[in-house]
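Subject: Structure for your review

Dear colleague,

Please find below the structure that I am handing over to you. I would be grateful if you would look through it alongside the notes that come after it.

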Amino acid sequence: MAFEPPQRLVRALGETERKGAADWLVKLPELVQQVVDLRELTVERVQAPGGRSSLVVLVRQADGTPAVLKLAPPWARPESERAALAHWGGFGAVQLLDGDGGEGVLLLERLHPEMSVRSLPEAKALLEAAGTLRRLWVEPPAGQVFESVAERTGRQAEAMRTSAAADAEVAPLVDAALAAREELLASAPQARLLHGTFRQSKVLAGERMPWLAVGPDPVVGECAFDLARLVRDRVEDLIASPSGASITRRRVKRLAESLELDQERLRGWTLFRAVESGVRARRVGRPQDAELLLEFAGWL
């Protein structure tokens, strides 16, 4: 099978500076072929531009049923994704078709990859995305295998401190974000299983339900952490708007009220996550993305 990984995935893996990323990409065509042969799948096409952390292939099963084959490297935590999808059981999220797909391999229900909630007008998109996210916030399974918000943001905080020490321009925002994190973790409400990387593009049209979430990087913690990434969706449009700052504040208020969350906690996690993403983008050589994110963070 002739195969080339999407350039978006190649670039993203290059940015991670992960040991083994280049080797994983080299072995990917062989791995795809092995899985396709073992499961008697028929490949239709590789999804492009695809994701930044995994390969997505549109396939058909032996009986002709459409499905999605997803292959992810170990550092993308595919086993954690598998466990979360199994726990959600298709309620609010894509259905896991094969619970034993092998290391880094997921066989999933086929949705409509070309149609995300992002294709809707902004107000409607936020409403539908928030409603989908609410369905995912459930009690974590017993004997959970998931990282906590404190653990994940702790790693991120260390990288942020290192960046701030070498880049005085971002230091004030980093200090504010780290202070917000400490305060939020000191008074965290009840923990739930969270999507972890939720945004409009992670919600696709489906057959069973109008909209279903895909691509979780699950984590256990407070719901405001999960909603925070949604606040900055379409950040480029917010920055381009002369009233972007006031729109952002209204969005925080509206989303918090719609999901019955504390507005200040949502603002705090939105600040932390925007600064963390902006500093990381700056570190890996995406200055335009960094500028947008850090300007957005300054409004909070």
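The notes below describe two sheets, the helices beside them, the nonpolar cores, one pocket and one residue. Please bear in mind that this is a predicted model.

I begin with the sheet of 5 strands. It is open, its pairing is antiparallel, and the strands follow the order β1-β2-β3-β5-β4. At its edges stand β1 (42-46) and β4 (96-98); each has a single partner strand, so one side of each is left without a neighbour in the sheet. On average, and ignoring direction, neighbouring strands here are turned by 40 degrees against each other. Within this sheet, β2 (residues 55-60) and β3 (residues 66-71) form an antiparallel pair over 6 bridges. Along that pair you will find Val 59 opposite Ala 67 in β3.

Two helices accompany this sheet. Helix α2 (residues 21-38) lies across β1, β2, β3 and β5 (105-109), and it runs at about 145 degrees to β3. Helix α3 (residues 78-88) also packs on the sheet, where it touches β3, β4 and β5, and its direction makes about 30 degrees with that of β5.

These two helices appear again in the second largest pocket, as both α2 and α3 give two or more residues to its lining. The pocket holds about 230 Å³ of space. Its lining consists of 15 residues, and Trp 24, Leu 31, Ala 72, Pro 74 and Glu 103 are those nearest its centre. Which element gives the most to this lining? It is α2, with 6 residues.

The other sheet to examine has 3 strands. It is open as well, with the order β7-β11-β8 and mixed pairing. Its edge strands, β7 (147-148) and β8 (192-194), each pair on one side only. β8 pairs with β11 (residues 219-221) in the antiparallel sense, over 3 bridges, and Leu 194 stands opposite Val 219 in β11.

Helix α7 (residues 223-231) lies across β8 and β11, at about 25 degrees to β8. Why is α7 described as largely enclosed by the rest of the structure? The reason is that 9 of its 9 residues are buried. Among them are Phe 225 and Leu 227, and also Asp 226 and Arg 229.

Next come the nonpolar cores. The largest has 74 residues, and those with the most contacts inside it are Val 174, Leu 255, Leu 266, Trp 269, Val 275 and Phe 296. If residues up to four places away in sequence are not counted, Leu 255 touches Leu 126, Ala 130, Leu 227, Leu 230, Val 231 and Leu 266. Three of these contacts bring us back to helix α7, since Leu 227, Leu 230 and Val 231 are among its buried residues. There is also a second, separate core of 20 residues, which includes Leu 13, Leu 28, Val 36 and Leu 69.

Finally, I would draw your attention to Ala 150, found in helix α5 (residues 149-166). Is Ala 150 buried, partly exposed or exposed? Its relative accessibility is 35%, and it therefore counts as partly exposed, because that class covers values between the 20% limit for buried and the 50% limit for exposed. Leaving aside neighbours within four places in sequence, Ala 150 is in contact with Arg 181 and Leu 185. From C-alpha to C-alpha, Ala 150 and Ser 119 are 33 Å apart in space, and they are 31 residues apart in sequence.

Yours sincerely,
A colleague

Note on methods:
Residues numbered from 1 in each chain as written. Predicted model: local features only at pLDDT ≥ 70, side-chain atom pairs only at ≥ 80, totals over all residues. Heavy atoms only, no water. Pairing = 2+ DSSP bridges. Helix = DSSP H or I, 4+ residues; strand = E, 2+ residues; numbered from the N terminus. Axes fitted to C-alpha atoms, helices over the stretch in contact; angles between N-to-C directions. Contact = heavy atoms within 4.5 Å. Core = buried A, V, L, I, M, F, W, Y, C linked by side-chain atoms within 4.5 Å. Buried < 20%, exposed > 50% of the residue type's maximum accessible area, 1.4 Å probe, protein only. 1 Å grid on protein atoms, 1.4 Å probe; cavity = no way out; pocket = protein on both sides within 12 Å on 5 of 7 lines; lining within 4 Å. Points joined across faces, edges and corners; volume = space filled by probe spheres on them.
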